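Work through the two exercises below with the sequence and the coordinates at hand. Each task is followed by a solution in steps.

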Amino acid sequence: MQAATSCDLKFRSTNPTARNKCFSHAIPKRVAVTCGYRSESFSFPNGVSVSRSDWQSSCAILSSKVASVENPGGLADKIAAVNGHTNGSVNLGIVAVESTNGKLAPVQPLTITDLSPAPLHGSSLRVAYQGVPGAYSEAAAGKAYPNCDAIPCDQFDVAFQAVELWIADRAVLPVENSLGGSIHRNYDLLLRHRLHIVGEVQIPVHHCLLALPGVRTDCVSRVISHPQALAQTEHSLDVLTPHAAREAFHDTAAAAEYIAANDLHDTAAVASARAAELYNLQILADGIQDDPGNVTRFLMLAREPIIPRTDRPFKTSIVFAAQEHKGTSVLFKVLSAFAFRDISLTKIESRPHHNRPLRVVGDGSFGTSKNFEYMFYVDFEASMAEPRAQNALAEVQEYTSFLRVLGSYPMDMTPWSMTSTEDA
C-alpha cells in the first residue's frame, strides 16, 4: 500500500443563483469541497479523541477558515484553504486574525451552540455529495434530506472527509446500481473511514440526451457521459447517434456542464433533465435508458450512529474477515447464523483485504499456493435492537477475525416511478 499523500481540501464560495437562475432551490452561498490529492487516511493533530481541548482547538480553527470563505474581501484573501496533511496528521495551520489597535484579536472559542447536533431534516443541514449540481447524487441528497444545503464534492473520499471534518453534517453516496452493480470505491471507503450508515435512499435513473440549443441529433459527432450512463443507454444511442463517438466522462452532470462551458455544438451528453435545466441545454431525447427499471441505491452517512428501533423495517450492514484456520467453510457457517434465525440477506459483497491481499497455503514439503484474502460486506433485514440480530452477530464473531457494524438504519420503503424525471 502506498504511503498517504497530502490532501489539499479547498473551499470555494459559489453563488448558484448568479451562476444559473434556473437553480430553483439555490441558497445565497454554498461551500464546495474539492480535493487536490488523494489520501489514505485523515485525522486531526494528535488524534481525533486524544483530548477535548485538542478537538475544540481544531474545530475552532476549522470554523474560522470556513467563516473566512463566506466573507469575501476579508480573511478569504489571506487564507487559501485548509492545509494538506503530512505523515498522517492534518496541519490546519494558524488562523490569520484582524488586529485591533495593533493587537491580534483572539479566535472565538466554540460554544455549546456550535457543538449542538444538526437537525435530522431542515434547511440548516449540510449534505455532501459527489458531483456537480444536476447529478443524480444531488437528487438523492434532496430526497434523503429535503431543503438541505447540498455541498458538491469532486471525489467520493472528499465527501467522507467533509463529514469527518464537520464541514458537512451528512454525506449521501451511491453504493450500487440495479444494472451496473456495486460502486466498489465507496465500499472500500466505508471501511477506511469511521462514518456510520444512518439511512438509505433509492433514486430511479432517467437518462436524457442533451445538447446546446439548436443542435440536431444528426449533427452530433461525440457523446460524453459517465461510463455507466453510456453503457445503460447503448442501444438508444445506436439509434439516435449511430456515427457518434462515445467518450467517458467522470460525471453525467459534469459532462453537461462541460458542453455548456465550452460551447460545443458537435457534442451531446447523457445526463438528467435537471442538468439540462441548470446548464441551459435542450433535451434531444428523453428517457433513453435501455432498461426502465434502472435504480441507484444511496447510503446516508453521519459521524454518529442512530439508535436502532423495531417499530419499522430496519436494515443492518456489516463487514467481516474470516479466520484463516477455519477453512473454506467459514462463509457457510456465517450465512447459516442468519439462516437459522430467519434473517434475510439483501446483499453480500466481497472485496480484497487491502492489508493482506494474499495468504500462502501449504508447507514446504508439498509446495505452496496463494489464495486471496477477502473482506465480506453483508446487508440483512433486521434491526440491531432485535435479539435475533444480536445473537446472529455473536455467532458470526466466533468465525471471524474482524467484524464491524457499519450501521443499523431504516429501510427505504418509499414508492418511486420509473417515468418521473423530477428527481433525476
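Helices here are DSSP runs of H or I with at least four residues, numbered from the N terminus. The model is a predicted one.

**Exercise 1.** Determine which elements line the second largest pocket, and what kinds of residue they bring.

Solution.
1. Start with the space: the second largest pocket holds about 550 Å³.
2. Its lining consists of 24 residues, and those nearest the centre are Gln-130, Phe-156, Pro-174, His-226 and Asp-251.
3. Assign the lining to elements. At least two residues each come from helix 4 (136–144), helix 5 (156–164), strand 9 (170–177), helix 7 (227–232) and strand 17 (295–302).
4. Helix 7 contributes the most, namely three residues.
5. Sort the lining by type: eleven residues are polar, eight are nonpolar and five are charged.

**Exercise 2.** Establish the strand order of the open four-stranded sheet, then place helix 12 against it.

Solution.
1. The order is 19-22-18-23, with antiparallel pairing.
2. Strand 19 (345–352) and strand 23 (400–410) are the edges, since each of them pairs on one side only.
3. From one strand to the next, the twist averages 15°.
4. Take the pair of strand 18 (residues 314–322) and strand 22 (residues 374–380): the two run antiparallel and are joined by six bridges.
5. Within this pair, Ser-317 is opposite Asp-379 of strand 22.
6. Helix 12 (residues 387–396) lies across strand 18, strand 22 and strand 23. Relative to strand 23, helix 12 runs at about 160°.

Technical notes:
Residues numbered from 1 in each chain as written. Predicted model: local features only at pLDDT ≥ 70, side-chain atom pairs only at ≥ 80, totals over all residues. Heavy atoms only, no water. Pairing = 2+ DSSP bridges. Axes fitted to C-alpha atoms, helices over the stretch in contact; angles between N-to-C directions. Contact = heavy atoms within 4.5 Å. 1 Å grid on protein atoms, 1.4 Å probe; cavity = no way out; pocket = protein on both sides within 12 Å on 5 of 7 lines; lining within 4 Å. Points joined across faces, edges and corners; volume = space filled by probe spheres on them. Nonpolar A, V, L, I, M, F, W, Y, C, P; charged D, E, K, R; others polar.
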